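User: Could you take a close look at one spot in this model, starting from its contacts, and then show how it fits with the rest of the chain? I'd like one connected walk-through, please.

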Amino acid sequence: MTQAASWTAPVGRARLRLGPEPPKALFARVCRPVATETTAGAWYRSWRLVAVDGTTFDLPDTQANDAFFGHPGSSRGQRRGAFPQARVAAVVECGTHAVFAAEVGPLAEHETILARHLFDRLSAGMLPLVDRGFVGFDL
């Protein structure tokens with residue numbers, strides 16, 4: 001193995017030592033809506049438009065990720081997807097696409113369950129928009 005192949009970024013090593021809490025705290029402290037009064041698409045009348053939605057992300061194929069996050073289904077081969085996936089629900093400012101709240105969970109956890117943890121990041125004057133997956137969602 002060459003020296004270049006064995007090198008790991010210092011931030012990556014620090015993140016492994018510290019765990020997920022410092023990046024989560026930094027995200028919560030720094031990420032916020034950034035639109036000004038003139039930002040196109042960020043406002044409806046006097047309300048700041050924000051969108052709530054969910055997505056999934058492929059993760060490294062490790063035993064720990066598989067055990068916690070799980071694999072999606074598949075109709076081929078092993079009847080499961082190639083990689084574990086994380087489910088993410090997020091609140092994004094319309095117009096700027098600034099993500100200012102997010103919750104990550106296992107693939108089996110529905111986005112509406114994750115979204116319940118996000119609504120305390122909304123404030124007066126925001127108009128949240130949700131996708132069709134939230135129809136009939138009891139809030």
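Analyst: **A proline and its surroundings**

Not counting residues up to four places away in sequence, Pro128 touches Val50, Val52 and Leu122. Keep in mind as we go that this is a predicted model. Pro128 sits in strand β5, which covers residues 126–130. Is Pro128 buried, exposed or partly exposed? Its relative accessible area is 35%, so Pro128 counts as partly exposed, falling between the 20% limit for buried and the 50% limit for exposed. Two of its contacts, Val50 and Val52, have numbers that fall within β2 (47–58). There is also a distance to look at here: the C-alpha atoms of Pro128 and Arg48 are 8.3 Å apart, although 80 residues separate the two along the chain.

That link across the sequence leads to the chain as a whole. The protein chain has five helices and five strands, arranged along the sequence as α-α-α-β-β-α-β-β-α-β. Of contacts between residues at least 6 apart in sequence, 55% join residues at least 24 apart. As for burial, 28% of the 139 residues count as buried.

Going back to the stretch just before β2, we meet Arg45, in the loop between β1 (43–44) and β2 (47–58). What is notable about its backbone? Arg45 has a positive phi of about 55 degrees, and it is not a glycine. For context, most residues other than glycine have a negative phi. Arg45 is also exposed, because its relative accessibility of 71% is over 50%. A second residue with this feature is His97, which is not a glycine either and has a positive phi of about 65 degrees. His97 likewise belongs to a loop, the one between β3 and β4. With a relative accessible area of 63%, His97 is exposed.

Now for the rings. How many aromatic pairs does a search of the whole structure find? The count is two. Tyr44 and Trp47 make a stacked pair, because their planes meet at 15 degrees, under the 30 degree limit, with ring centres 6.0 Å apart. Both partners are partly exposed: Tyr44 has a relative accessible area of 39%, and Trp47 has 38%. The other pair, Phe68 and Phe69, is edge-to-face, with 4.7 Å from centre to centre and 85 degrees between the planes. Here the two partners fall into separate classes: Phe68 is exposed at 52% relative accessible area, whereas Phe69 is buried at 16%.

Phe68 and Phe69 fall within the range of α4 (63–69), and that helix also holds Asp66. Asp66 is partly exposed, with a relative accessibility of 26%. Leaving aside neighbours within four places in sequence, Asp66 is in contact with His71, Arg80 and Pro84. Looking further along the chain, the C-alpha atoms of Asp66 and Ala86 are separated by 9.8 Å, with the two residues 20 apart in sequence.

Helix α4 brings us to the largest pocket, which holds about 880 Å³ of space. It is lined by 21 residues, and those closest to its centre are Pro20, Lys24, Ala102, Glu103 and Val104. Which elements supply at least two lining residues each? They are the helices α2 (10–18), α3 (21–30) and α4 (63–69), together with the strands β3 (85–93) and β4 (99–106). In character, the lining divides into 14 nonpolar, three polar and four charged residues. If you are setting up a look at this region, the loop between β3 and β4 is where His97 is placed.

Last, the cysteines. How many disulfides are there? The count is zero, where a disulfide would need a pair of cysteine sulfur atoms within 2.5 Å. Such a link is a covalent bond between the sulfur atoms of two cysteines. Cys31 counts as partly exposed at 23% relative accessibility, while Cys94 is buried, because its 17% is under the 20% limit.

To return to the starting point, Pro128 in strand β5 is a partly exposed residue that touches Val50, Val52 and Leu122.

How values were computed
Residues numbered from 1 in each chain as written. Predicted model: local features only at pLDDT ≥ 70, side-chain atom pairs only at ≥ 80, totals over all residues. Heavy atoms only, no water. 1 Å grid on protein atoms, 1.4 Å probe; cavity = no way out; pocket = protein on both sides within 12 Å on 5 of 7 lines; lining within 4 Å. Points joined across faces, edges and corners; volume = space filled by probe spheres on them. Helix = DSSP H or I, 4+ residues; strand = E, 2+ residues; numbered from the N terminus. Nonpolar A, V, L, I, M, F, W, Y, C, P; charged D, E, K, R; others polar. Phe/Tyr/Trp six-rings, centres within 6.5 Å; stacked < 30°, edge-to-face > 60°. Buried < 20%, exposed > 50% of the residue type's maximum accessible area, 1.4 Å probe, protein only. Contact = heavy atoms within 4.5 Å.
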